[in-house]
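Hi everyone, thanks for coming. Let me put the structure up on the screen, and then we can walk through it together.

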Amino acid sequence: MKKRVVCALLASALIVAAAGCSNNEKKDDNKSTTTTTAAADKGGDSTTAAQGGGDTTDAPADTTAAEEKKVPENEVSGNADAADAVVVWMWNTDVKGIIDGVLKDVDPELYNRIVYVNTGGTDFYQDKLDNIFNDPSNKLYPDIVALEADYILKYTNGSNLLNIADLGITDADYSKEYKYTIDTATNYKGELKALSWQACPGSWTIRASLAEKYLGTSDPAKVQEFFKDWDAVYETAKLVKEKSNGETLLLTGYEDIKRVWMGARQNGWHDADDNLIIDQAMLDYMDYAKKLEDEKLTYSATQWGDDWNAKKTGDYTLALPGCTWYTYWCLVEENFGDYILVDGPQPYSWGGTWLAATKGCADKDAAAKFIKYLTCDADFMAKINAMNSDYVNNTDAIETRKNEVALNNGKAILSDKQGSTLIQYYMDKVGGINGKLITAEDSAITGLFDTQVKEYVAGNKSKDDAIAAFKKNVADTYNYINVG
Amino acid sequence: MATQTVKKHKTIEYGRYGYLFIAPFFIVYLVFQLWPLIYTFILSFQDIYVKYGDEINDGFTLTKNYASVFVANDGTASMAIRTFGNTAIIWIFNFIPQILLSLLLAVWLTDTKVKLKGAGAFKVMVYLPNVITAASISILFFSMFGPNGPLTKLVMDLGWIDNNRFFIDNAAPTRGIISFIQFWMWYGNTTLLLISGVLGINPSIFEASDIDGCTGWQKFIHITLPMLRPIMLYVLVTSLIGGLQMYDIPSLFNVNMNTGRGMPDDASTTVTMYIRFLTKTGNFGRAAAVSVILFLVTLILSVLFFVFMGDRDKKAKKKG
Amino acid sequence: MSNDKISVSTATRMEDASYSRKILAAKIFRITICVILCIISLFPFYLMIINATRYTKDIETGISFIPSGFFIQNWNTLMEKSAGLGTSLWGAILNSAIITFPGTILTLYFSTMTAYGFFAYNFKGRKFLWAFIMAVMMVPGQVTIVGFLRFMQTLGLYDNFLALIIPAIAAPTVVFFMRQYMTGAFSLEIVEAARIDGANEFRIFNTIALPLMKPAIATQAIFAFIASWNNLFTPNMLLASPDKATLPMFVQQMRTEQFTIDYGAIYIGLFITILPLIIVYLFLSKYIVAGVALGGVKD
């Protein structure tokens, strides 16, 4: 009796579900186009991400292709049992895109040796790295790891990575790289342990049509006037809300401007003696965020959350503070061709991914070769840009590609009104980046800071209480950091 | 006759086989559970932490780890204490409604006067949530109560809340939902245990009370409840011990995926989540110290349980 | 006296009518409550199944009790996204099975064996060792995890399924249950008889004791299986390789940001992960429900 009742209930739910399936096949096709855009996931984590276009190129132009797409059984691709395997670890398909899209043709021999380990999302990436570093006999022990700005120093300061010099890569090899990417990857002893293939200056992405409608212009130079300093941004936020009757807001949430404020800091989270520093810019950011939220000038979305993704679509949001990779990774396809880039109130950078060889690397030559291709070789890097429009970390490569229009799925990302290509826009921004603002503990400390900012913005805590709680949590997490 | 001589020996002659039979259990227990426990104790007195990706061991420390478990750097209560508090709050709001409802259901389902048809099916259905992977359940509830969740939308449409982040931005609703999930998963189990308890009560006691003209309520207060005390104590202690280890539900519900700590502002960080966080950030010494404190709290409860079990055995013997 | 009797009997008659009305009212009330509780128990699963068939954007607009036609599309999205997780859904199920099946078998065999050792033999220190098992019964694995983790690293069993399988040999609660069951349902005379026939002790255990314990083993098998299958904490701490994720670890990844924007895929993923358990439950619910009362398994 009882079994039958449960059976019947569940079975009926299943049958109804299955029946529903066949009913609405048509609806399927209409709507799936939009899903693709929403689904063009970013794969970075809440505090960062440097994404390349692996997914972007893979992402099929139409939905039928998406449905037919062969899905790999397991994301550890390549033969891990081979004696000469070169194991590469990353949290998404970014480097995989470069391997399949460029390396395959350039160096098929090395390509065939690559075992690509995609750990799936940055959320557990550090965990997994810490674990695998403790287990050198594992056949998936990495030869090369990808590291993100937020925690790169944790690993370059530690003993699990090889010096770039020990790989036989010289100053001359990386002389065309942007200096800040070198600074960032240099540890406190002055050793360089990782190199990056991308540079990540920031900018504000503006919806041209909405700017035209609410700000009266879509000329980047004139739009910039509305974003020239933080007071102007605040006035613009009010203006947009008022003129659109709340249909459009300036930002998805206050968190969108966090990276911009962080770029305005004079110091990282702590100094060389492990004393915690809360930069004035971060304190100002707290107040600014609260002001925006109190007056409901944003949608209060959490960065990388579902709300955030939703509010980037349609005509919800006018401004999206982003950066080089953001431009082709996070913007939504339905609005391609309607974006312009402006400088905003201050220069900043956001994220970036570096490559490093591990201490237990089985074949240093192969690792060196791989890193050199991706981060030093101008031809190779120009091909990366051709493939996914990434702003590559090589001035020669940039020079050869600067007149190319940045495409995604065959569509131009930027509006004609921009008046320059994506590369041309960013070219003079890279020099202004301070590569010394990050610390080894950025990922956790910024996370702890975000939590308290949220408490302050929500009105649950006074600013002093929030800061005190932040200090307490930092001291609790990192005993050696002196919070004063 | 060899067999006959064997027969004459009592089981004591075979005693050595007893060791062989229990040996695998004890060997594995000692290696995989007891030694790790002792090792955790040892680690809790060592100043081990990870700095810049490398482990640093500053050697023996009697108090450093333990002090930090109780008092934060600024002299206020530590995060560990807070997580014990969170765990307790979430547990209490799960346990009280759970035991009350289970008692009610146990009485109803064993009531011979008001017989309920389909009691068997009912038991099967309310027990179902208990067998399902807690991780899946947690994510299921988060999907329903998240900013775009169907239940959030429903409650908003009803006008009860005006903000789609209500459930995840406020401590009380987040803890409340976690308590509810725990309650929802476990009240079926508790009901079944209490039913077996009620069925274990000698029916003649109820018959006698009927003759004395006792009301249902009087019977409940004066017979059922006192007779159920041992089994209720068992439920209480096991639930408390289980509750102290609460991990799966809160660790996947409303958390900062970057740190793995409960939101908002650690309101839903439980002790085991905190231990996980400390190991994740390389604070092995302190993680061990928190584990030891958790162990001691559990041990005290286990002793209570042990004492009570002994009691029950004695009573059972007296009856027999 | 006789008057009293009459008045009592009329009163009883009058009460009878109101009494049965009361019973009926109580019955209706109780059934209503029980039905509501059943609905609450099943509703989340129902909602999950319905939402697994709905388009993500529709799910975001509100609740619905009628399924839609996006089951297959959601399925494809799930497959596409989970491909980036290091372990595929099927891989995760396989990993869970590799840990759970041997683990359950070890738990049952050695727990029965240990219980039998305590039950059938009288040896020095028996009382003490039994008291030890009783004492450690309630010690949860979580408190030893830091030591366990580091010890496994020393042993080289880190990131190895064996570290999750071998400890299953020592399951104090199951031993306790088995011995309780033996005390009630097992007679040593059978053992004596077998000894007369010349069977050795291990043969007696394997051919006589084990089969006699079948009902208890069956009950404990279900609980041991479910507990191991659903375990998140220990595998999460011990496994490092991306291709070694167990099913709960796979589920955990659906909470990460790759999935947050695709509810349809999340619901269908959850549906697939709980489906095996629901099927097991449908077939074994009778034993499970009966077993709860027997053993009081709760951890």
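Let's begin with the aromatic rings: a search through the whole structure, which is a predicted model, turns up 70 aromatic pairs over all chains. I'd like to show you one of them, F41(B) with F295(B). How are these two rings arranged? Their centres are 6.0 Å apart and their planes stand at 85°, so the pair is edge-to-face. Now follow the chain from one ring to the other. F41(B) belongs to helix α2 of chain B, while F295(B) belongs to helix α14 (residues 284-319) of chain B, so the pair ties together parts that are 254 residues apart in sequence.

Next, charges. Side chains of opposite charge can pair when their charged atoms come close. How many salt bridges are there over all chains? The count comes to 32. Please look at chain A for one of these: K463(A) and D287(A) form a salt bridge, with the closest N and O atoms 2.7 Å apart. K463(A) sits in helix α22 (residues 463-477) of chain A and D287(A) in helix α14 (residues 280-294) of chain A, so here again is a pair that ties together parts distant in the chain, 176 residues apart in sequence.

Now let's turn to where chain B meets chain C. The size of an interface is often given as the accessible area lost when the parts come together. For chain B and chain C that area is about 9,500 Å², with 75% of it on carbon and sulfur atoms. Which three residues give the most on the chain B side? They are F21(B), F25(B) and F32(B), which supply 9% of the area that chain B buries against chain C, more than any other three residues. In terms of residues, the contact takes 101 from chain B and 103 from chain C.

There are polar features here too. Between chain B and chain C we find 11 residue pairs in polar contact, and 2 salt bridges cross the interface. E55(B) and R150(C) meet in a salt bridge through their side chains, at 2.7 Å from N to O. On the chain B side, helix α2 (residues 15-44) gives the most to the surface touching chain C, with 22 residues. The residues on that side divide into 67 nonpolar, 25 polar and 9 charged.

A quick stop at some backbone geometry in chain B. Most residues other than glycine have a negative phi, and most peptide bonds are trans. M263(B) and P264(B), however, are joined by a cis peptide bond, with omega about -10°. P264(B) is in the loop between β4 (261-262) and α13 (271-280) of chain B. That loop between β4 and α13 also holds D266(B), whose phi is near 65°, a positive value in a residue other than glycine.

Finally, how confident is the prediction? Chain B has a mean pLDDT of 83, and 91% of its residues reach 70 or more. Among its elements, helix α4 (residues 79-110) of chain B has the highest mean pLDDT, 92, and helix α1 (residues 2-8) of chain B the lowest, 45. Over residues 1-12 of chain B the pLDDT is below 50. Chain C averages 82, with 89% of residues scoring at least 70. Chain A averages 79, with 83% of residues scoring at least 70, and its pLDDT stays under 50 over residues 1-74. Where pLDDT is low, the predicted coordinates should not be read in detail. Thanks for listening!

Key. Residues numbered from 1 in each chain as written. Chains lettered and ligands numbered in written order. Predicted model: local features only at pLDDT ≥ 70, side-chain atom pairs only at ≥ 80, totals over all residues. Heavy atoms only, no water. Contact = heavy atoms within 4.5 Å. Buried area = accessible area lost by both parts, 1.4 Å probe. Salt bridge = Lys/Arg side-chain N within 4 Å of Asp/Glu carboxyl O. Polar contact = N/O pair within 3.5 Å; in protein donor to acceptor, adjacent residues only side chain to side chain. Helix = DSSP H or I, 4+ residues; strand = E, 2+ residues; numbered from the N terminus. Nonpolar A, V, L, I, M, F, W, Y, C, P; charged D, E, K, R; others polar. pLDDT = per-residue confidence, 0-100. Phe/Tyr/Trp six-rings, centres within 6.5 Å; stacked < 30°, edge-to-face > 60°.
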